[in-house]
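Good morning, colleagues. Please turn to the sequence and the structure, which I shall take part by part.

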Amino acid sequence: MMDPSKIREKIGRFRILVIGRANAGKTTILQRVCNTRENPEIFNSAGEKIDATVLMSSTERGEHDIENEMVFRNNPGFIFHDSRGFEAGGESEFDKVKAFIGSRSKETKLKNQLHAIWYCIPMDEASRSFTEGEIKFFSQCDTGSIPVIVLFTKFDALYDLAYSELKSKGASMEEAEEQAPKHAEESFAKGSQLKFLYHSKDIRRPPKCHVCLPNMDNDDANCGPLIERTAGTLNSEVLTQLFVSTQQTNLELCMKFAVEKILPKVFDSAATPDGHRQLISELGTWFPHLWGVRLLILSGM
């Protein structure tokens, strides 16, 4: 396994394109992933910070640059690129996204490539079906080896419908309220949206997977499923290690990958002093945000 510092020296930061219209809950999810309430800092393609007032003025004029990089100070290990979704800019926005993905795919340096795409689809509209823009993306946009994960945001909007269905079947108010989240997830899993997304002849390039994200505006919101699903789609061990070790909201996932990837390789030699040090050192590569603790442990051995 590579040392996290060497991984970051080689790749830099984990780069994600986030697609979705303005009210899809994108910023809230990114804040949860980076464990912050602050807004991101915006940098242009040359790495120069863009003044917030200048950016707001450009947004009000309808201008938007997908090349701009969003970085949260609380976790600068992630770089996010934002697309407004295709309803906002129509054909022009779709062409920009397609060209951006294509150009990033041709980058020879891994640090300049896109590493994942999060496509946000809000579920707070009644009888939500896929829009023409969404169908077009999953039919025509070739993302190559870049994994696409669909984020069904504002999923808690489906809880009221689930609550009503449970009540109509005789559940008490308390039972219906308690069971509504699980019932909504089960109904959605068997519903028409997912069948269309993964099995329709209109969808020639389905996503790698999806995740349902309810109540992301709550202080205790859980973005763990998004982190775990994204990690599971990466086909490079170096990228997986970079992603898992960059996120700081799911310690359990760090532990899971550390055990699965490291223990089989060094378990037999762990009983010796040198083997013990190697085990701790390699396990620590999945916990760079605890790097100082790891160094203290090793220096005291």
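A residue is called buried when its relative accessible area is under 20%, exposed when that area is over 50%, and partly exposed in between. Please also keep in mind that this is a predicted model.

With those terms in hand, I begin with helix α2. This helix covers residues 26-33, and six of its eight residues are buried, so that by the cut-off just given the helix is mostly covered. The buried residues of α2 are Lys-26, Ile-29, Leu-30, Gln-31, Arg-32 and Val-33. After α2 comes Asn-35, whose phi is positive, near 55°. By way of background, most residues other than glycine have a negative phi.

Which residue forms a salt bridge with Lys-26? The partner of Lys-26 is Asp-82, and the closest N and O atoms of the two are 2.6 Å apart. Lys-26 belongs to helix α2 and Asp-82 to strand β4, residues 75-83, so this pair ties together parts that are 56 residues apart in sequence. As to cover, Lys-26 counts as buried because its relative accessibility is 10%. Asp-82, with a relative accessible area of 21%, is partly exposed.

Another residue of α2 leads us to strand β5. Ile-29, one of the buried residues of the helix, has its C-alpha 9.7 Å from the C-alpha of Cys-120, while the two residues are 91 apart in sequence. Cys-120 is located in β5. The relative accessibility of Cys-120 is 3%, and therefore Cys-120 counts as buried.

I turn now to the salt bridges in general. How many does a search of the whole structure find? The search finds nine. As a general remark, side chains of opposite charge can pair when their charged atoms come close.

Some of these pairs form a network, whose members are Glu-38, Glu-41, Lys-49 and Arg-73. Within this network, Arg-73 and Glu-38 meet through their side chains at 3.2 Å, N to O. Arg-73 is in the loop between β3 (69-72) and β4, whereas Glu-38 is in the loop between α2 and β2 (41-43), so their salt bridge ties together parts that are 35 residues apart in sequence. Arg-73 is exposed, at 58% relative accessibility, and Glu-38 is partly exposed, at 40%. A further salt bridge of the network joins Glu-41 to Lys-49, with the closest N and O atoms 3.0 Å apart. Lys-49 has a relative accessible area of 54% and is therefore exposed.

Next, a histidine in a loop. His-115 lies between α4 (86-105) and β5 (116-122). Is His-115 buried or exposed? His-115 counts as buried, because its relative accessibility is 2%. Where does its side chain reach? The side chain of His-115 comes to 2.9 Å from the backbone oxygen of Leu-110, and to 3.5 Å from the backbone oxygen of Gln-113.

Positive phi values also appear further along the chain. Lys-154 is not a glycine, yet has a positive phi of about 55°. This lysine is placed in the loop between β6 (148-153) and α6 (159-168), and is partly exposed, with a relative accessible area of 29%. Asn-215, likewise a residue other than glycine, has a positive phi near 55°. Asn-215 is in the loop between β7 (209-213) and α9 (224-233), and at 27% relative accessibility it counts as partly exposed.

I close with helix α7, which spans residues 173-189 and includes Glu-175. On the surface, Glu-174, Glu-175, Glu-177 and Glu-178 gather in a patch of negative charge. Of these, Glu-175 has a relative accessibility of 39% and so counts as partly exposed. Ser-187 is also found in α7, and is partly exposed, with a relative accessible area of 33%. The C-alpha atoms of Ser-187 and Ala-162 are separated by 8.3 Å, and the two residues are 25 apart along the chain.

To review, the mostly covered helix α2 holds Lys-26, which is paired with Asp-82. Glu-38, Glu-41, Lys-49 and Arg-73 are linked in a network of salt bridges, and the four glutamates Glu-174, Glu-175, Glu-177 and Glu-178 form a negative patch on the surface. Thank you for your attention.

Note on methods
Residues numbered from 1 in each chain as written. Predicted model: local features only at pLDDT ≥ 70, side-chain atom pairs only at ≥ 80, totals over all residues. Heavy atoms only, no water. Patch = residues over 30% accessible without salt bridge, like charges linked within 9 Å, V, L, I, M, F, W, Y side chains within 5 Å. Areas by Shrake-Rupley, 256 points an atom, 1.4 Å probe, with all protein chains shown as cover. Lys, Arg positive; Asp, Glu negative; His and termini not counted. Charge placed at Lys NZ, Arg CZ, Asp CG, Glu CD. Helix = DSSP H or I, 4+ residues; strand = E, 2+ residues; numbered from the N terminus. Buried < 20%, exposed > 50% of the residue type's maximum accessible area, 1.4 Å probe, protein only. Polar contact = N/O pair within 3.5 Å; in protein donor to acceptor, adjacent residues only side chain to side chain.
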